[in-house]
Amino acid sequence: MDWSNVLRSLQSDFIKRLADGCLLHCERVGQYSESTVISGQRLKQLRDFCWVMAEKYKRVSSVRDVFISYLKGKLGEEVVKERLADFITEVDYEKRFGGDGNIDFTLTDNPLIGIEVKSRHGNFDKVRWSVSVDEVQKNAVIVCVLIQEEVNEAQSEYHLVLAGFLPTEMIKLRTGKISFGIEQLFYGGGLRYYLEQLKASKNYLSPNISPQVKMGENSNQFYIQQGDECYEKKLYHAAIDNYTQALKICDRDANAYYKRGNIYDNLNDYTQAIIDYTQAININPNFAKAYIKSGLARYQLADYYGAIEDYTQAIRINSYNALAFKNRGDVRSLIGDSQGAIEDYTQARRINPHLLESQLVTPNIDDNSQTSIDDNNGNLQQENHRRAIEIFTQVIEISPNDAVGYKKRGKSCCDLGDYGRAIEDFTKAIQINPYDADAYFYRGNAFYELGDKPEAIEDYTQAIKINPNDADAYINRGNLRDELGDTQGAVADFHKAADLYQKAGKVQEHKDTREKILDLEIEASLDVLDF
């Protein structure tokens with residue numbers, strides 16, 4: 001007998017017992033139970049959380065409506081959390097602005113397997129649960145919970161029923177949503193077993209992976225795409241596992257070695273990263289990006305001459321690779337080869353005039369901006385900034401009208417705390433190019449550090465006039481307006497910044513800015529209260 005037929009049969013028996021009020025009940029966490037009771041302190045904690053969320057998102061709807069909506073969802077999630085315990089991991093609301101992204105839980109051992117919980121109140125034989133295309137695509141199963149009492153602020157106890165579950169692979173959507181009743185669900189007692197089978201399945205593919213890739217001679221592409229998805233979600237160890245599986249199937253895939261090397265690099269395992277980049281290069285000797293990433297990893301290990309050799313090989317492959325020249329210049333600057341660094345920076349600017357401008361004295365960047373320098377030695381950092389000032393002074397002597405040179409030297413002066421000299425350099429850069437929004441922005445920062453808030457606001461305003469999409473300029477001007485008591489102006493700037501961050505997909509910055517707005521609005525409302 002097929003497993004689905006067994007669970008359908010058990011569901012029919014469950015529905016009959018539900019009608020008679022004869023449900024199985026177990027209070028032990030991690031064990032299956034058809035019914036769950038939530039009350040007391042446990043319910044209070046859920047309510048407190050939902051009131052917080054209601055205040056955050058009250059602009060979407062009334063506070064009470066938002067509260068009820070969140071409480072319904074949290075009651076259902078609590079049932080699933082109790083039944084599956086440490087087998088699953090709850091999605092962190094605070095890391096997903098505006099909710100959980102249609103995924104409530106993931107399997108602890110495989111975060112690619114998502115679980116969405118749907119909670120409804122009503123008569124069991126009439127209530128229907130609905131899911132959207134997005135929810136089906138993001139999850140492996142939909143779990144349905146029946147709330148037997150009407151959800152409101154005053155209810156002191158809730159009796160909840162795990163009504164059943166439905167694998168998303170069985171849901172064929174023809175419109176934006178689909179709804180189903182309890183008789184169409186599988187018996188909830190089989191949920192854990194079904195998820196365990198998914199976890200154990202080597203062929204399980206997240207719903208977000210394109211179905212165009214077929215198993216067979218190109219089956220390593222399954223694992224590469226899985227690895228790519230894990231990488232995007234910052235599930236680095238899962239990504240490594242998938243790329244490793246792909247290499248077991250095809251050990252001559254340079255791209256798989258390169259991608260796995262990137263993961264090791266993100267985990268600061270630079271030695272292993274270099275091993276993978278070297279493997280990629282052995283397979284494809286003209287893999288310039290692998291040479292650049294290997295150079296970045298060697299830089300982190302203080303193998304500066306090895307890094308220079310890698311960047312030189314990348315230049316040999318492509319003599320128009322501005323990034324390779326720029327990074328080699330960074331290393332040459334670090335080891336004291338100022339003349340070599342100037343030559344490399346000059347060549348990088350000839351190829352890509354915007355590269356040096358967009359990377360203000362940030363040693364060794366890569367084309368994905370994934371690698372950052374985390375140097376805890378303050379003396380070395382200061383020495384780097386001083387050396388940068390020397391280099392850009394020489395650049396300015398060679399090209400007196402080089403606005404970028406002045407701007408970069410000014411930024412290094414800021415990093416050393418010499419804000420007066422920095423303002424002189426930014427001013428010179430503005431005189432050469434009065435349409436440089438970044439120069440105004442950085443000069444505004446310097447004025448702020450010197451306590452000249454009106455001048456700083458003026459510079460941020462000018463930066464915004466030149467580049468109306470500069471969210472950071474709005475943030476800085478908003479902070480200053482707040483400090484000067486202009487709450488209305490600050491809120492207006494933060495609203496504009498929040499909109500720009502949202503459009504740019506910068507979730508954390510958007511969330512932080514919305515919290516700034518909420519804090520200011522709360523302060524303003526307290527000011528008008530008469531205690």
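The questions below ask how some labels in this predicted model are justified. In this model, local features need pLDDT of at least 70 and side-chain atom pairs count only at pLDDT 80 or more, while totals for chains, interfaces and linings use all residues. Residues are numbered from 1 along each chain as its sequence is written, and side-chain values use heavy atoms, with hydrogens and water left out.

Q: What makes the contact of R42 and E78 a salt bridge?
A: A salt bridge needs a side-chain nitrogen of Lys or Arg within 4 Å of a carboxyl oxygen of Asp or Glu. For R42 and E78 the N to O distance is 3.3 Å, so the pair meets the definition. The two lie 36 residues apart, R42 in helix α2 (residues 40–56) and E78 in helix α3 (residues 63–84). Helices here are DSSP runs of H or I with at least four residues, and strands are runs of E with at least two, numbered from the N terminus.

Q: Why is R42 called partly exposed?
A: Buried means under 20% relative accessible area and exposed means over 50%, with partly exposed in between (1.4 Å probe, protein chains only). R42 has 23%, so the label is partly exposed. E78, at 13%, counts as buried.

Q: What makes E135 and K118 a salt bridge?
A: Their N to O distance is 2.8 Å, so it falls within the 4 Å limit. E135 is in helix α4 (residues 133–138) and K118 in strand β4 (residues 110–121), so the bridge ties together parts that are 17 residues apart in sequence.

Q: Why are E135 and K118 labelled as they are, buried or exposed?
A: E135 has a relative accessible area of 6% and K118 has 11%. Buried is under 20%, so both are buried.

Q: How do you know that β6 and β7 pair?
A: Two strands pair if DSSP finds at least two bridges between them. Seven bridges join β6 (residues 141–147) to β7 (residues 157–167), so the condition is met. The two strands run antiparallel. One of the bridges has V143 with F165 in β7 as its partner.

Q: Why are β1 and β2 said to stand at the edges of the sheet?
A: The open sheet has six strands in the order β1-β7-β6-β4-β3-β2, with mixed pairing. β1 (35–39) and β2 (88–90) each have a single partner strand, so one side of each is left without a neighbour in the sheet.
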